[in-house]
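User: I'm new to reading protein models, and I'd like some help. Could you take me through one, feature by feature?

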Amino acid sequence: LLARVHDLARRLDLQEEAYRLVLLALTGKRTCRDMTEDELFQAALGLEELLREREDNSAQALRREFGW
């Protein structure tokens, strides 16, 4: 799970402080080191949702741009 959280953060291209704030919002903790397995799972789910939203927004922008 730890690797998954870090991979998702990398794919989202989050800067360090933004990454910490997202973790804090999702779990109440600023570092993965301090999280339980359940909290790591919640962090991964939240980051996956952010990535999905970003991809959805990109697709919508393409549809608008090209009239799809």
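Analyst: Sure, we'll go through salt bridges, helix packing and a few single residues. Keep in mind that this is a predicted model.

User: Let's begin with charges. What can side chains of opposite charge do when their charged atoms come close?

Analyst: They can pair up. Here the count comes to 9 salt bridges.

User: Which residue forms a salt bridge with Asp7?

Analyst: That's Arg10, and the closest N and O atoms of the two are 2.5 Å apart. Both residues sit in helix α1, which covers residues 2–12. They are 3 residues apart, or about one turn of the helix.

User: How open are those two to the outside?

Analyst: Asp7 counts as partly exposed because its relative accessibility is 25%. Arg10 has a relative accessible area of 57%, so Arg10 is exposed.

User: Which residues are linked with Asp7 and Arg10 in a network of salt bridges?

Analyst: Arg4, Arg11 and Glu48 are linked with them in that network.

User: Where do the partners Glu17 and Arg30 lie?

Analyst: First the bridge: the side chains of Glu17 and Arg30 meet at 3.3 Å, N to O. This pair links distant parts of the chain, with Glu17 in helix α2 (residues 16–27) and Arg30 in the loop between α2 and α3. They're 13 residues apart. As for accessibility, Glu17 is partly exposed at 45%, and Arg30 is partly exposed at 33%.

User: Does that loop hold other partners, and what does Lys29 meet in a salt bridge?

Analyst: Lys29 pairs with Glu39, at 2.9 Å from N to O. Glu39 is in helix α3 and Lys29 is in the loop between α2 and α3, so the pair ties together parts 10 residues apart in sequence.

User: Is Glu39 buried or exposed?

Analyst: Buried, because its relative accessible area is 19% and the cut-off for buried is under 20%. Its partner Lys29 has a relative accessible area of 25%, so Lys29 is partly exposed.

User: Now for helices. How do I read the way two of them pack?

Analyst: Look at the angle, the spacing of the axes, the handedness and the residues that touch. Take α1 and α3: they pack at about 25°, with their axes 9 Å apart. Angles under 35 degrees count as roughly parallel, and α1 and α3 are therefore roughly parallel to each other. The crossing of α1 past α3 is left-handed.

User: Which residues make the contact of α1 with α3?

Analyst: On the α1 side they include Leu2, Val5, Leu8 and Leu12, and on the α3 side they include Leu40, Ala44, Leu47 and Leu51. By type, the residues of this contact divide into 11 nonpolar, no polar and 5 charged.

User: At what angle do α2 and α3 pack?

Analyst: At about 115°, and their axes are 9 Å apart. Here α2 passes α3 in a right-handed crossing. Val22, Leu23, Leu26 and Thr27 of α2 meet Glu39, Ala43, Gly46, Leu47 and Leu50 of α3. Sorted by type, the residues of the contact of α2 with α3 are 6 nonpolar, 2 polar and 1 charged.

User: Let's zoom in on single residues. Is Val5 buried or exposed?

Analyst: Val5 counts as buried, because its relative accessibility is 0%. You'll find Val5 in helix α1. Leaving aside neighbours within four places in sequence, Val5 is in contact with Tyr19, Leu23, Cys32, Leu40, Ala43, Ala44 and Leu47. You can also follow the fold through C-alpha atoms: those of Val5 and Phe41 are separated by 8.4 Å, with the two residues 36 residues apart along the chain.

User: And where is Ala25?

Analyst: Ala25 is in helix α2. Its relative accessibility is 69%, so Ala25 counts as exposed. The C-alpha atoms of Ala25 and Glu37 are separated by 17 Å, and these residues are 12 residues apart along the chain.

User: One last thing, backbone angles. Which residue has a positive phi although it is not a glycine?

Analyst: Asp13, with a phi of about 55°. Asp13 lies in the loop between α1 and α2. With a relative accessibility of 58%, Asp13 counts as exposed.

Methods:
Residues numbered from 1 in each chain as written. Predicted model: local features only at pLDDT ≥ 70, side-chain atom pairs only at ≥ 80, totals over all residues. Heavy atoms only, no water. Salt bridge = Lys/Arg side-chain N within 4 Å of Asp/Glu carboxyl O. Helix = DSSP H or I, 4+ residues; strand = E, 2+ residues; numbered from the N terminus. Buried < 20%, exposed > 50% of the residue type's maximum accessible area, 1.4 Å probe, protein only. Axes fitted to C-alpha atoms, helices over the stretch in contact; angles between N-to-C directions. Parallel < 35°, antiparallel > 145°, perpendicular 65-115°, else oblique. Left-handed = near helix turned anticlockwise from the far one by under 90°. Contact = heavy atoms within 4.5 Å. Nonpolar A, V, L, I, M, F, W, Y, C, P; charged D, E, K, R; others polar.
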